[in-house]
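Dear colleague,

I am passing on the structure we spoke about, together with some notes on what was found in it. Please have it open beside you as you read.

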Amino acid sequence: MGKVTNPFLAPSPLPFGYPDFGAIREEHYLPAFTAGMAEQRAEVAAIADNPEPPTFENTIVAMERSGETLRRVSAVFFALVASTSTPKLREIEAEVAPQLAAHNDAIRLDPKLFARIDDLFQRRDELGLDEEELRLLERYHRDGVRAGARLAPEQQERLRELNAEISKLTTEFNSRLLAEANDSAVHVTDAAQLDGLSADAIAAAEKAAADRGLDGYLITLVLPTEQPVLASLTDRELRARVHQAALSRGLRGNEHDTREIVRRLAALRAERAALLGYPHHAAWVVEPFTAESVENIDAMLGKLAPVAAANARAEAEELSAAAGHPITAADRAFHAEQVRRERFAVDTDALRPYFELERVLHEGVFRAAGLLYGVTFAERDDLPRYHPDQRIFDVADEDGPLGLYVLDPYARASKRGGAWMNSFVTQSHLRGTRPVVLNTLNIPKPPDGEPTLLTLDNVRTLFHEFGHALHGLFSDVRFPTFAGTAVPRDFVEFPSQVNEMWLDHPAVLPHYAVHHETGEPLPAEIVEKLAAARRFGEGFATTEYLAAALLDQAWHRLGPDEVVEDVERFEEAAIAAAGLAVPTAPPRYRSTYFQHVFGGGYSAAYYSYIWSEVLDADTVEWFGERAGDLRAAGEEFRRKLLARGGAVDPMAAYRAFRGRDPQIEPLLVRRGLLA
């Protein structure tokens with residue numbers, strides 16, 4: 001037998017199926033996608049054409065086993081196109097995205113396959129299935145119906161066209177957004193304008209400029225509207241430039257303008273929802289989620305919006321008084337930082353020397369996981385990397401190896417903004433696979449030899465994304481459909497948000513919050529002041545988030561006959577209608593750079609973060625009641641929630657864990673919306 005030259009066409013020989021990046025080349029992706037889709041189509045055809053009567057094993061389990069090659073190449077390709085994008089990768093993505101949409105439609109809309117699934121579904125009570133098997137059968141049936149399996153042939157044909165164009169446009173949105181973010185970086189030639197930034201932040205800006213062949217300094221943009229440097233820069237003119245650069249992404253009328261894509265995507269999604277029998281895209285999206293209906297979303301967000309907006313306005317008045325002039329959105333973070341320093345004697349920028357990445361990772365993030373779950377992490381350097389910045393760790397618990405944790409911490413021009421988690425390999429007892437999970441962040445990289453000092457927000461993001469990683473690492477399910485983070489979108493943020501609580505926990509914080517030069521711990525009085533300052537600015541934070549969440553809802557509650565002519569006017573009207581038009585608190589994302597919903601999987605679901613935070617805040621309270629035995633509490637949380645993935649109804653699992661329905665009061669108190 002000849003040697004396999006394309007590494008995706010056979011399982012990786014490396015530990016845990018970790019991708020063989022030493023062998024993977026750009027030219028391997030397209031042939032692997034082609035082969036993978038052909039392989040799965042043949043597998044599905046064999047299932048659909050099986051002359052034997054349908055059984056759970058020969059239909060549902062067979063489907064779970066299908067598509068191995070496609071799974072391998074997709075997991076690697078889409079992780080890398082987001083983190084190490086190149087013109088060739090973007091070209092491949094543009095070509096393959098509509099092909100994948102058509103491939104998925106061919107499976108979900110296969111009439112013979114759905115007939116077998118439907119037959120099993122109708123007889124499900126007679127099949128003797130266990131809980132996970134029954135849930136999987138119901139999932140296949142539900143997904144088939146929601147995908148259009150019961151539509152007439154001509155309707156299915158239009159559905160295929162819509163899905164292909166939606167896939168193509170989301171890919172194009174991401175491509176333009178990455179290019180626009182790089183083009184929108186703010187070039188500074190006068191070092192005096194950088195007054196207020198720390199020495200290492202200035203060095204990182206100088207390195208960013210040098211990396212692009214520029215003199216001076218380059219302030220690169222993160223994905224949200226408010227840029228971190230605004231809290232430190234004393235130069236008001238430069239603050240305004242940075243803020244305007246962030247707000248203008250996708251709106252500059254250049255080749256990276258995303259307005260037409262936004263309008264078109266909203267229209268296509270509305271048409272698809274109507275074809276499937278829903279009043280709008282949001283109704284279709286939320287149906288299988290824990291929220292269940294847009295009315296339930298409105299009920300919760302409606303409680304928060306007016307109080308949040310009132311708090312944000314009061315905060316702006318307070319900051320204006322402190323500044324001695326009316327502040328703008330570009331000024332808000334700077335003057336909030338000044339008031340925070342004065343009122344709570346906390347200079348968040350001055351805290352950065354206490355948050356050195358290596359120590360935060362090992363003595364903070366990993367330590368918390370050890371205290372709660374008994375897991376250990378050992379770095380290894382024997383596996384190939386897709387980028388030199390990448391780190392790889394063996395993860396084990398008392399029972400032995402769990403999988404691999406991969407960290408890609410630093411920002412670069414080829415990486416999209418934000419932070420996220422991917423899985424190179426998901427856990428499944430059916431396949432005999434263990435998880436290989438990846439956390440990707442965008443921390444500015446210091447010059448060689450200099451320590452990586454984090455902001456408090458960076459630390460929180462690392463804890464948050466590691467919560468997603470734990471969800472993947474602790475997965476203990478039979479079927480890959482249910483592995484790890486494969487839960488409803490408005491539940492997936494829950495474990496990651498809970499993991500943020502360990503950032504300032506007394507059993508964790510003292511071990512990592514240590515000055516990187518002197519070795520001195522973060523003073524106890526600073527810790528106390530940080531706790532006191534925690535709710536400062538929550539009016540702004542809640543308002544900017546809710547404005548984005550409700551903007552997302554507005555776009556995706558359009559009917560198929562509702563046409564948006566002007567993106568900016570629509571956006572302005574939607575935010576005003578929600579009662580969130582606070583000039584100093586623009587939405588966390590404007591439509592033209594709202595990657596979550598126009599380039600990612602959060603369309604009509606950006607509300608998920610605060611929906612999940614209800615569960616998070618309620619769970620933090622639960623952990624507080626068990627502070628005397630964190631290891632036992634962690635084990636219970638892991639076993640009842642993290643390990644179950646999508647194999648159980650998430651809210652049923654939550655009730656079994658908590659002993660009751662979640663309560664919203666802890667969230668309201670946390671966000672300063674309830675005394």
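In what follows, two residues are said to be in contact when heavy atoms lie within 4.5 Å. Please also bear in mind that this is a predicted model.

With that meaning of contact, L70, F77, F78, L80 and V81 in helix α3 meet L89, R90, I92, E93, V96, L100 and H103 in helix α4. Sorted by class, this contact of α3 with α4 has nine nonpolar, one polar and two charged residues. Helix α3 covers residues 68-83 and helix α4 covers residues 87-108, and the two pack at an angle of about 135 degrees with their axes 12 Å apart, which means that α3 is oblique to α4. Their crossing is left-handed.

Just before these comes helix α2 (residues 56-65), which is mostly covered, since seven of its ten residues are buried; these are F56, N58, T59, I60, V61, M63 and E64. The buried residues of α2 pack against α1 (26-48), α3, α4, α5 (111-122) and α6 (131-146). After α2 comes G67, whose phi is positive, near 80 degrees.

Further along the chain, A554 sits in helix α19 (residues 538-555). A554 counts as partly exposed because its relative accessibility is 22%, and a residue is called buried only under 20%. If neighbours within four places in sequence are left aside, A554 is in contact with F570 and A574. The C-alpha atoms of A554 and E91, which are 463 residues apart along the chain, are separated by 32 Å.

With best wishes

How values were computed: Residues are numbered from 1 along each chain as its sequence is written. This is a predicted model: local features need pLDDT of at least 70, side-chain atom pairs count only at pLDDT 80 or more; totals for chains, interfaces and linings use all residues. Side-chain values use heavy atoms; hydrogens and water are left out. Helices (H or I, at least four residues) and strands (E, at least two) are DSSP runs, numbered from the N terminus. Buried means under 20% relative accessible area, exposed over 50%, partly exposed in between (1.4 Å probe, protein chains only). Axes are lines fitted to C-alpha atoms, for helices over the stretch in contact, and angles run from 0 to 180 degrees between N-to-C directions. Angles under 35 degrees count as roughly parallel, over 145 as roughly antiparallel, 65 to 115 as roughly perpendicular and the rest as oblique. A crossing is left-handed if the near helix is turned anticlockwise from the far one by less than a right angle, and right-handed if clockwise. Ala, Val, Leu, Ile, Met, Phe, Trp, Tyr, Cys and Pro count as nonpolar, Asp, Glu, Lys and Arg as charged, and the others, Gly among them, as polar.
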